Amino acid sequence: MRMLGVFEKGERIRHIGHLDIQRSFQRGLRRSGLPVAYSNGFNPHILITFASALSTGACGRREILDVTMASGVSEAEFLERMNRAMPPELQLSAARAVDDRHPSLMGMLCAASYEIVLRDPDCAEKLIPAIPAMMAKESVTATRKTKTAVKECDIRPLIYVLEGSGQSIFATLALTEREACKPGMLMEALSREAGLDREIRTLVIRKELLGKDEEGKLVPLEQL
Amino acid sequence: MDYNERMEKILEKVQKAPRYTGGEMNTTIKRWEECPLHFGFCFPDTYEVGMSHLGMKILYGLINREPWSLCERFFMPWTDMIELMKAEELPLLSMESRRPLSDFDVIGFTLQYEMSYSNILAMMDLGGVPLENKDRGENDPIVVAGGPCAFNPEPLADFIDAFMIGDGEDVMTELNRVILERKEKGLTRAECLRNLAALEGVYVPSLYDVEYDDSGVITAFRPNCGEAPAVIRKRVVTDLNQTYYPEEIPVPYTEVVFDRIMLEIMRGCTRGCRFCQAGMLYRPVRERSMEKLIDLAEKLYRSTGYEEISLSSLSSGDYSCLPELIRELMRRLKDQRVSISLPSLRIDSVLKESLEETQQVKKTSLTFAPEAGTQRMRDVINKGVTEEDLLEKVRDAFEGGWSSVKLYFMDGLPTETTEDLDGIADLARKVVEEYFRVPKEKRAKGLRVTVSASTFVPKPFTPFQWDAQNTIPEIIGKQDHLKKVLNIKGVHFNWHEPYLSFLEACFARGDRRIGAVLKRAYEKGCILDGWTETFRFDTWMEAFRECGLDPAFYANRVRDPEEILPWDHIDSGITKAFLLREKKKSEQALTTKDCRQGCNGCGLQRWKGVCGYANAGSV
Ligand code: SF4
């Protein structure tokens with residue numbers, strides 16, 4: 001049996017990297033006393049995966065982890081024991097027991113929705129009005145940085161939703177194992193569109209991880 | 001903008017932000033208004049070093065446990081953070097509620113090594129606390145300090161209001177009560193300091209006057225008020241089982257130096273190595289019971305989820321029922337995949353049995369500390385280890401599947417000759433031979449013998465407290481020699497440049513006057529001296545010159561046994577008579593037995609009920 005847990009990565013710890021978050025959950029699971037399964041081998045670790053690594057600097061509202069259990073446990077108990085074992089900045093809001101054959105979350109992941117809070121007050125006035133023009137374009141280039149290279153790519157087909165309101169930009173962006181538009185790439189393109197040529201301070205909040213249901217509609221990943 | 005917002009802005013730019021974010025598991029955020037006493041615990045080094053320190057975790061839990069006091073942590077920010085903080089005019093903030101250091105009633109520094117002293121000044125400066133105690137007013141915090149370096153408090157006498165000498169567990173609460181009383185009764189700072197001085201084990205330097213002769217040697221040292229005792233006796237916790245030990249400790253998000261449960265199995269050491277300050281300061285030896293340790297280990301595992309428990313003490317191999325303890329811990333925590341490690345294995349007490357058991361779970365590199373290369377030299381320092389012992393343990397280790405061995409030595413020991421240095425190479429060569437003596441199919445691949453040599457620093461309260469440290473050129477010459485003779489296949493040689501050890505020697509046995517050098521060096525930009533990338537030796541030497549002091553006076557001078565030493569008013573329990581006796585014996589390369597074989601009359605036997613071995617009636 002596997003357990004999917006929906007958790008929040010709080011704003012205070014948004015600079016904690018993915019590896020450290022993973023380790024925190026490893027230790028949290030150990031603290032919880034839940035019947036988790038361990039890998040074999042010399043350095044045994046708990047069998048746990050994450051639907052998607054969240055970048056350093058971003059916080060997440062509904063991130064998802066996937067733990068293999070050694071024996072059965074109820075969703076309510078999992079939730080209760082994990083929340084006692086995890087710090088306030090990494091609390092769970094939902095749990096769902098799934099069969100071992102449940103497909104991998106990573107494979108099902110299609111997109112994510114974001115709120116990008118603009119930290120400099122005059123930015124919103126310039127950026128939000130530029131959205132319609134950018135969305136009307138056939139292609140929008142942005143640079144993607146990988147470990148080894150900086151590549152130009154077209155992000156327009158990867159933007160599913162883009163809106164602005166108040167001090168925030170709301171976006172739904174493609175996120176699969178093959179292709180992804182990172183919020184940073186979007187902001188780079190949008191500020192170019194708006195003619196802003198300075199660095200923009202933002203707070204990236206990943207609100208939801210999305211997969212596609214049978215009709216091809218984007219729905220919360222943990223519900224699939 | 002409030003502190004939080006400014007901090008968030010900085011965190012976007014700083015390197016290694018996780019050191020500054022806080023919010024770790026098992027940290028305590030109490031309501032400020034509900035606790036009358038606010039204690040700011042300062043570790044004068046980076047987060048990664050500070051969070052590896054057991055003492056901090058003990059006192060953090062201890063202070064927060066009292067309903068009337070809260071404790072929040074402060075660490076030394078790295079240089080990039082300091083620049084950003086200055087640009088944003090952000091003071092040093094606590095990890096918990098992000099309040100500036102100056103908001104706290106009392107701030108406490110832990111003194112683990114001398115080369116963290118400039119960080120103390122930096123942290124106070126960044127935190128808005130006046131550096132010198134004479135400049136602090138009624139609204140400034142009381143600044144206290146404790147830890148091993150507090151046994152020679154004099155170099156910090158201008159900066160620290162009160163020192164806690166000895167074990168901190170009991171005196172901490174007493175000290176906080178006195179400071180709380182000040183707040184409640186509206187006492188002045190001066191009154192509060194006098195009340196602190198009346199506590200056993202507390203030293204308030206401003207209540208003492210010092211006189212020097214022309215050469216800088218102390219001629220008189222006396223209290224200037226009635227509350228201050230002429231001699232400050234260290235605090236000793238006699239029963240570790242009755243003493244507070246945390247059952248929950250903060251678990252950092254980011255990796256720190258020692259990221260594991262540290263279980264202090266005993267305090268003190270009976271061996272009496274003559275170079276070892278800790279071995280003298282932490283006397284007498286006190287063990288925690290096996291039941292207590294097992295209970296603590298299980299509770300700590302449940303509250304932290306750590307994968308590893310290290311049994312910590314100065315000499316864990318001497319713990320009376322070590323194999324039983326390890327076996328029982330492993331039995332109870334095996335299903336949780338917890339490994340057990342022994343950080344400071346003494347080669348003459350490593351039991352083959354426990355070796356095999358540790359290895360079952362995790363095979364790390366084994367560490368041995370012969371400290372010196374020849375038997376004569378080891379006798380001088382009273383390191384009761386023979387070559388046969390060492391080689392036997394090494395053989396066991398190689399047969400048991402280890403292939404990586406670390407050997408620790410010192411250079412610059414009193415009476416050291418070239419022959420003693422060559423002895424280090426001989427020993428390393430013999431260790432390599434032991435490895436090849438194990439049949440190929442039985443031994444693990446990849447032999448790696450790491451030889452580390454550190455430069456000897458004479459420390460207060462050791463028989464070598466009167467001795468001169470080798471000069472820098474002498475040490476460089478010795479290290480060059482070692483590099484040559486240690487050019488052996490399979491052996492890797494590590495050494496450190498002697499500059500830091502030289503400065504450490506100055507401050508370890510420094511007097512009050514050297515405080516001026518510290519302040520000057522800090523003003524000239526010296527901070528984070530323990531880190532090679534930030535250590536600026538030349539600036540330190542300039543600071544000495546500008547203050548008119550000669551560092552060689554502190555590091556390279558042989559002191560007369562009659563001389564008043566800067567730390568003579570601190571009673572560590574060890575008498576000068578004992579240290580002098582030990583010094584004489586060391587000069588003749590005569591050894592002193594382990595206290596477990598009978599009392600050596602170090603001085604602690606004078607204190608009733610303190611040392612279990614002395615009271616066994618063997619004096
Ligand atoms: S009092 Fe005696 S037995 Fe105890 S530490 Fe001192 S010398 Fe050793």
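This short talk walks through a predicted model with chains A and B and a ligand.

Let's start with the two chains. On the chain A side, 23 residues are in contact with chain B, and on the chain B side the count is 35. The size of an interface is often given as the accessible area lost when the parts come together. Here chains A and B bury about 2400 Å² between them. Of that, 48% is on carbon and sulfur atoms. Who gives up the most on the chain A side? Three arginines: A:Arg12, A:Arg27 and A:Arg30. Together they make up 32% of what chain A buries against chain B.

Staying in chain A, take A:His18. A:His18 sits in helix 1, residues 18-32. Its relative accessibility is 21%, so A:His18 counts as partly exposed; the buried class needs under 20%. Now look at A:Ala53. A:His18 and A:Ala53 are 35 residues apart along the chain, yet their C-alpha atoms are separated by 5.8 Å. Leaving aside neighbours within four places in sequence, A:His18 is in contact with A:Phe50, A:Ser52, A:Ala53 and A:Leu54.

Next, the ligand. The space it takes is the second largest cavity. Which residues surround the ligand? From chain B, there are four cysteines: B:Cys595, B:Cys599, B:Cys602 and B:Cys611. Add B:Asn600, B:Gly601, B:Leu604, B:Gln605, B:Tyr613 and B:Ala614. B:Arg283 completes the shell. By class, that shell is seven nonpolar residues, three polar and one charged.

Hold on to B:Arg283, please. The peptide bond from B:Arg283 to B:Pro284 is cis, with omega near -5 degrees. B:Pro284 lies in the loop between helix 9 (277-281) and strand 12 (286-287) of chain B. So a residue of the ligand shell, B:Arg283, also starts a cis bond.

More backbone geometry. Most residues other than glycine have a negative phi, and most peptide bonds are trans. Two residues of chain B go the other way on phi. B:Lys16 has a positive phi of about 50 degrees. B:Leu528 also has a positive phi of about 50 degrees. Neither is a glycine. Where do they sit? B:Lys16 is in the loop between helix 1 (3-11) and helix 2 (18-21). B:Leu528 is in the loop between helix 18 and helix 19. Buried or exposed? B:Lys16 is exposed, because its relative accessible area is 53%, over the 50% cut-off. B:Leu528 is buried, because its relative accessibility is 0%.

That loop of chain B, between helix 18 (514-523) and helix 19 (537-546), also holds B:Trp531. B:Trp531 has a relative accessible area of 26%, so it is partly exposed. B:Trp531 and B:Arg513 are 18 residues apart in sequence and 25 Å apart in space, C-alpha to C-alpha. What does B:Trp531 touch? Beyond its neighbours within four places in sequence, the contacts are B:Asp45, B:Thr46, B:Val49 and B:Trp78.

Follow one of those contacts, B:Val49. B:Val49 lies in helix 3, residues 47-50, of chain B. Sequence neighbours within four places aside, B:Val49 is in contact with B:Phe43, B:Tyr113, B:Val257 and B:Trp531. B:Met76 is 27 residues from B:Val49 in sequence and 9.8 Å from it in space, C-alpha to C-alpha.

That's the tour. Thanks.

Notes
Residues numbered from 1 in each chain as written. Chains lettered and ligands numbered in written order. Predicted model: local features only at pLDDT ≥ 70, side-chain atom pairs only at ≥ 80, totals over all residues. Heavy atoms only, no water. Near = heavy atom within 4 Å. 1 Å grid on protein atoms, 1.4 Å probe; cavity = no way out; pocket = protein on both sides within 12 Å on 5 of 7 lines; lining within 4 Å. Sits in = over half its atoms within 2 Å of the grid points. Nonpolar A, V, L, I, M, F, W, Y, C, P; charged D, E, K, R; others polar. Helix = DSSP H or I, 4+ residues; strand = E, 2+ residues; numbered from the N terminus. Buried < 20%, exposed > 50% of the residue type's maximum accessible area, 1.4 Å probe, protein only. Contact = heavy atoms within 4.5 Å. Buried area = accessible area lost by both parts, 1.4 Å probe.
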